[in-house]
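Here are my notes for you on this one. Have the structure open while you read, and go through the points in order.

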Amino acid sequence: MYSRVFAALLVLVALVACGGGDEEPDAVEPQQTGEADGFAAYEVPSGGFTISVPEEWRATSIDEVLDEGAVEELREEDPTLADQVERFAQPGSPVKFVGLDPDVQDDFATNVNVYVEETPAGVTRDQYFDASVSQITEALGAPEQEPVTLPAGQALRLTYEQQIGSGPQLALLQYLLFQNETGYVISYTTLPDRSAEYAETFEASAQSFGFL
């Protein structure tokens, strides 16, 4: 399961279109703040946001998912992939939240992760969205895109399927947001034949996203 999650996280590398900024503090475990309608709400101070996921999901920080044992296990299977994802486990990782569904199928855990990056001064929302889509298109092919409005603000909704490394074909749903010269990427990843099953869950989670 870990290697499949790692492979999904690689997609986020393509979104570092504007990156930059100072070193960030060590990752902090998400703090659960409540439960309602089958969802648990979490506050993530290190990323400056809140998000809800199904209450049975495991919510954690990236450094716990990418612990030393998991990275070494992946390195035995795929050294190149391990090298590429190992940086996500370092202090100041841009991946600030990970939620994993315990219902693993075909060795893959449906998941959500939130990626946060500071952008250079003067970058606008539209520039960030355009640069991110260009990076994805260059690396993986053009995603379907749709401007949407979430409670957190104007967002760009991206959908595409991709096989990364030796992992399975994956279906990705991503929301790009921009606030105070900071880009936020909410990524929901599942197997293509489970996309319809998770559609309402992903939508409810995205609607719950907010800024601290």
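Which residue follows H5, and what sign does its phi have?

1. Keep in mind that you are looking at a predicted model. To start with the question above: Gly141 comes right after H5, and its phi is positive, near 105°.

2. Now the overall picture. The protein has 6 helices and 11 strands. It is 212 residues long, and 50% of those residues count as buried. Its accessible surface comes to about 9500 Å², with 44% of that belonging to carbon and sulfur atoms. If you take the contacts with a separation of 6 or more, 60% of them are between residues 24 or more positions apart.

3. Back to H5, which covers residues 125-140. You can check its length yourself: with 16 residues at 1.5 Å a residue, the helix should span 22 Å, and the C-alpha atoms at its ends are indeed 22 Å apart, so the two agree.

4. Which residues of H5 are buried? They are Tyr128, Phe129, Ser132, Val133 and Ile136. These residues cover an arc of only 125° around the axis, so they sit on the same side of H5. The general rule behind this is handy: an α-helix has 3.6 residues a turn, so residues three or four places apart point the same way. Try it on the list of buried residues. Over on the other side of H5, you will find Asp126, Asp130 and Glu138 exposed.

5. What does the buried side of H5 pack against? Its buried residues pack against five strands by name: E6 (111-118), E7 (144-150), E8 (153-163), E9 (169-179) and E10 (182-190).

6. Of those strands, have a good look at E10. It is mostly covered, with 9 of its 9 residues buried. Thr182, Tyr184, Ile186, Tyr188 and Thr190 point one way from the strand, while Gly183, Val185, Ser187 and Thr189 point the other way. Residues on both of these sides are buried.

7. Which strands pair with E10, and in what sense? E6 and E10 pair in the antiparallel sense over 8 bridges, and here Asn111 stands opposite Thr189. E9 and E10 also run antiparallel, joined by 9 bridges, and in this case Ala171 stands opposite Thr190. E9 and E10 form a hairpin with 2 residues between the strands, where Asn180 takes a positive phi near 55°.

8. Finally, the charged residues. How many salt bridges are there? The count comes to 2. One joins Asp103 to Arg194, with the closest N and O atoms 2.9 Å apart. This pair links distant parts of the chain, 91 residues apart: Asp103 lies in the loop between E5 (95-100) and E6, and Arg194 in the loop between E10 and H6 (195-208). Arg194 also forms a salt bridge with Glu197, and there the closest N and O atoms are 2.8 Å apart. Asp103, Arg194 and Glu197 are therefore linked in a network of salt bridges, given that a salt bridge needs the nitrogen and the oxygen within 4 Å.

9. One last thing to check in that network: is Arg194 buried or exposed? Arg194 has a relative accessible area of 3%, and because buried means under 20%, Arg194 is buried. Asp103 has a relative accessible area of 35%, so it counts as partly exposed.

Key
Residues are numbered from 1 along each chain as its sequence is written. This is a predicted model: local features need pLDDT of at least 70, side-chain atom pairs count only at pLDDT 80 or more; totals for chains, interfaces and linings use all residues. Side-chain values use heavy atoms; hydrogens and water are left out. Helices (H or I, at least four residues) and strands (E, at least two) are DSSP runs, numbered from the N terminus. The expected span of a helix is 1.5 Å times one less than its number of residues. Buried means under 20% relative accessible area, exposed over 50%, partly exposed in between (1.4 Å probe, protein chains only). The arc is that of the directions from the helix axis to the C-beta atoms. Contact means heavy atoms within 4.5 Å. Accessible areas come from the Shrake-Rupley method with a 1.4 Å probe; for residues, only the protein chains shown count as cover. Two strands pair if DSSP finds at least two bridges between them. A salt bridge is a side-chain nitrogen of Lys or Arg within 4 Å of a carboxyl oxygen of Asp or Glu.
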